[in-house]
Every structure is written in structure tokens, then in C-alpha cells.
Amino acid sequence: KELLLSTTHSTIIMFFTNTGRVYRLKGYEIPEEAELGAGTAIINLLQLMPDEKITAMIPIREYEDDSIC
């Protein structure tokens with residue numbers, strides 16, 4: 001389990017996988033959970049391939065090139 005602190009104002013969160021793929025979600029696309037809630041599994045938010053696992057996450061607040069979004 002990993003914890004990433006961010007806000008809904010973060011432009012994008014990049015998810016890097018063990019297969020070299022990169023996924024992205026806007027901060028507000030990730031559901032907010034109650035303090036004692038179990039959270040949402042990443043598999044419910046990203047279309048990961050079989051046996052693909054998230055190895056790193058990076059919140060990014062700004063892009064110099066908006067064509068990525």
C-alpha cells in the first residue's frame with residue numbers, strides 16, 4: 001500500500017507501471033474517501049493490463065505543454 005498526498009487542485013497524477021506504461025488521472029477524478037474508509041482500489045480507476053502493477057506515482061501541478069492533458 002502506498003500513500004500519496006495531493007489535492008483536487010493538482011493538475012494531474014502520473015502512474016508508472018512495471019511494464020513501462022504511464023497512466024494519468026486528474027486530481028478531481030480520484031474519489032475522496034471518508035477518514036476511516038477503505039479507499040478505492042487503483043484497478044477501479046485505471047485500465048491496467050493483466051499482471052501490470054503501479055510502481056511509482058507523481059503528482060504534477062503544472063505543465064509547460066498543455067497538449068499532454
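This note goes through a predicted model of one protein chain, point by point.

1. Overall make-up. The protein chain has 0 helices and 3 strands. Read from the N terminus, the order of elements is β-β-β. The strands are E1 (12–17) and E2 (22–25), with E3 at 54–60.

2. Burial and surface. Of the 69 residues in the protein chain, 19% are buried. The accessible surface amounts to about 5,600 Å², and carbon and sulfur atoms account for 52% of that area. As for contacts between residues at least 6 apart in sequence, 58% of them join residues at least 24 apart.

3. The core. Which residues form the largest nonpolar core? There are 6 in all: Ile 13, Phe 15, Tyr 23, Leu 25, Leu 46 and Leu 48. Strands E1 and E2 are the elements that each give two or more residues to this core. As background, nonpolar side chains in soluble globular proteins tend to be buried together.

4. Leu 48. Setting aside neighbours within four places in sequence, this core residue is in contact with Thr 17, Tyr 23, Ile 42, Ile 43 and Ile 54. Of these partners, Tyr 23 is itself listed in the core, and Thr 17 belongs to strand E1.

5. Thr 17. This residue of strand E1 counts as buried because its relative accessible area is 7%, under the 20% limit. Its side chain makes a polar contact of 2.9 Å with the side chain of Thr 19. Not counting residues up to four places away in sequence, Thr 17 touches Tyr 23, Leu 48, Glu 52, Lys 53, Ile 54 and Thr 55. The list thus includes two members of the core, Tyr 23 and Leu 48.

6. Glu 52. Glu 52 sits in the loop between E2 and E3. How far away is the nearest side chain of opposite charge? That side chain is Arg 21, at 4.0 Å, and Glu 52 is buried yet has no salt bridge. A reader checking this site should note that the side chain of Glu 52 does make a polar contact with the side chain of Tyr 23, at 2.8 Å. Beyond four places in sequence, Glu 52 is in contact with Thr 17, Asn 18, Thr 19, Arg 21 and Tyr 23. Tyr 23 is therefore a polar partner of Glu 52 as well as a member of the nonpolar core.

7. Asp 51. Asp 51 lies in the loop between E2 and E3, as does Glu 52. Is Asp 51 buried or exposed? It is exposed, because its relative accessibility is 69% and the limit is 50%. Asp 51 is not a glycine, yet its phi is positive, at about 65°. The C-alpha atoms of Asp 51 and Asn 18 are separated by 9.0 Å, the two residues being 33 apart along the chain.

8. Met 14. Met 14 is found in strand E1. Its relative accessible area is 12%, so Met 14 is buried. From Met 14 to Leu 25 the C-alpha separation is 6.8 Å, with their positions 11 residues apart along the chain. Leu 25 is one of the core residues.

9. Lys 26 and Gly 27. Both residues are placed in the loop between E2 and E3. Lys 26 has a relative accessible area of 31% and is therefore partly exposed. Gly 27, at 7% relative accessibility, counts as buried. Leaving out residues up to four places away in sequence, Lys 26 touches Thr 11 and Ile 12. Thr 11 also pairs with Gly 27 in a C-alpha to C-alpha distance of 6.3 Å, across 16 residues in sequence. Lys 26 and Pro 59, which are 33 residues apart along the chain, have C-alpha atoms separated by 9.3 Å.

How values were computed: Residues are numbered from 1 along each chain as its sequence is written. This is a predicted model: local features need pLDDT of at least 70, side-chain atom pairs count only at pLDDT 80 or more; totals for chains, interfaces and linings use all residues. Side-chain values use heavy atoms; hydrogens and water are left out. Helices (H or I, at least four residues) and strands (E, at least two) are DSSP runs, numbered from the N terminus. Buried means under 20% relative accessible area, exposed over 50%, partly exposed in between (1.4 Å probe, protein chains only). Contact means heavy atoms within 4.5 Å. Accessible areas come from the Shrake-Rupley method with a 1.4 Å probe; for residues, only the protein chains shown count as cover. A nonpolar core is a set of buried Ala, Val, Leu, Ile, Met, Phe, Trp, Tyr and Cys residues joined through side-chain atoms within 4.5 Å. Lys and Arg count as positive and Asp and Glu as negative; His and the chain ends are not counted. A polar contact is a pair of N or O atoms within 3.5 Å; within protein, one must be able to donate a hydrogen and the other to accept it, and residues adjacent in sequence count only if both atoms are side-chain atoms.
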